[in-house]
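Hi,

Here is the structure I promised to pass on. Have a look at it first, and my notes on what turned up are underneath.

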Amino acid sequence: MEPFKNKISPEFVQCLASHLDQTIVGFQKTAFEREILGQLQQLELKQRARLIADVTTKHLPDALESRFSILRSLLHSDPEGAVDRDSDENGICGWGMMPLGMIVSDTGLNDFDASFDLMKEMTKRATAEFDVRPFWQKTRKERSPS
């Protein structure tokens with residue numbers, strides 16, 4: 001049986017890189033793949049997702065609206081059954097959503113509406129359970145008496 005961590009595979013990294021290359025002008029596809037693939041094999045599932053999220057974030061625009069627009073454009077065009085499917089030429093879905101969700105929760109905490117609008121679309125293709133938690137924690141902290 002193949003290790004579960006391989007749900008986020010070198011093939012997924014190459015698929016994501018291809019989609020980013022089609023979306024971002026001047027995207028450095030080879031450098032992106034090299035930075036991730038050089039470390040991927042030794043990492044476990046969540047570490048793989050974190051690495052991909054961190055490297056992808058470096059290649060995205062700083063402006064949240066632009067960043068989220070790109071992430072939205074990466075989503076699989078057919079959400080029906082996408083949770084159980086691998087990412088492909090039609091977009092990112094299934095376990096490939098894990099690093100994308102991390103980017104939303106890492107960078108969108110100050111824009112709840114935009115973040116949750118995007119996560120609503122992402123959850124049609126996989127769960128965003130872990131990505132909702134930072135928003136919940138931030139809200140809980142803001143509401144607690146000082």
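How much space lies in the largest pocket? About 290 Å³, going by this model, which is a predicted one. The lining of that pocket is made up of 14 residues, and Trp-95, Met-98, Thr-127, Phe-130 and Asp-131 are the closest to its centre. Three helices each give two or more residues to the lining: H3 (45-59), H5 (97-107) and H7 (129-143). H5 gives the most, with four residues. As for character, the lining has eight nonpolar residues, three polar and three charged.

The second largest pocket holds about 150 Å³ of space. Here 13 residues do the lining, and the closest to the centre are Lys-7, Ser-9, Phe-12, Asp-86 and Ser-87. This lining splits into four nonpolar, five polar and four charged residues.

Back to H5, since it came up with the largest pocket. This helix is mostly covered, with nine of its 11 residues buried. The buried stretch consists of Met-97, Met-98, Pro-99, Leu-100, Gly-101, Met-102, Ile-103, Val-104 and Ser-105. Among these, Met-98 is also one of the residues closest to the centre of the largest pocket. And what covers the buried residues of H5? The cover includes H1 (10-23), H3, H4 (64-74), H6 (112-122) and H7.

The packing of H5 with H7 is worth a look on screen. Their axes are 8 Å apart and the angle between them is about 10°. Angles under 35 degrees count as roughly parallel, so that is what H5 and H7 are to each other. On the H5 side, Gly-101, Met-102, Val-104 and Ser-105 make the contact, and they meet Asp-131, Pro-134 and Phe-135 of H7. By type, the residues of this contact are four nonpolar, two polar and one charged.

One last residue to click on is Ser-115, which sits in helix H6. Is Ser-115 buried or exposed? Its relative accessibility is 0%, so Ser-115 counts as buried. Leaving aside residues up to four places away in sequence, Ser-115 touches Phe-68, Val-104, Gly-108, Leu-109 and Phe-135. Two of those partners, Val-104 and Phe-135, also appear in the contact of H5 with H7. Ile-103 lies 12 residues from Ser-115 along the chain, and the C-alpha atoms of the two are separated by 10.0 Å.

Over to you!

Technical notes. Residues are numbered from 1 along each chain as its sequence is written. This is a predicted model: local features need pLDDT of at least 70, side-chain atom pairs count only at pLDDT 80 or more; totals for chains, interfaces and linings use all residues. Side-chain values use heavy atoms; hydrogens and water are left out. On a 1 Å grid over the protein atoms alone, a cavity is a set of points where a 1.4 Å probe fits but cannot get out, and a pocket is an open set with protein on both sides within 12 Å along at least five of seven lines; lining residues have an atom within 4 Å of a point. Ala, Val, Leu, Ile, Met, Phe, Trp, Tyr, Cys and Pro count as nonpolar, Asp, Glu, Lys and Arg as charged, and the others, Gly among them, as polar. Grid points are joined across faces, edges and corners, and a volume is the space filled by probe spheres set on the points. Buried means under 20% relative accessible area, exposed over 50%, partly exposed in between (1.4 Å probe, protein chains only). Contact means heavy atoms within 4.5 Å. Axes are lines fitted to C-alpha atoms, for helices over the stretch in contact, and angles run from 0 to 180 degrees between N-to-C directions. Angles under 35 degrees count as roughly parallel, over 145 as roughly antiparallel, 65 to 115 as roughly perpendicular and the rest as oblique.
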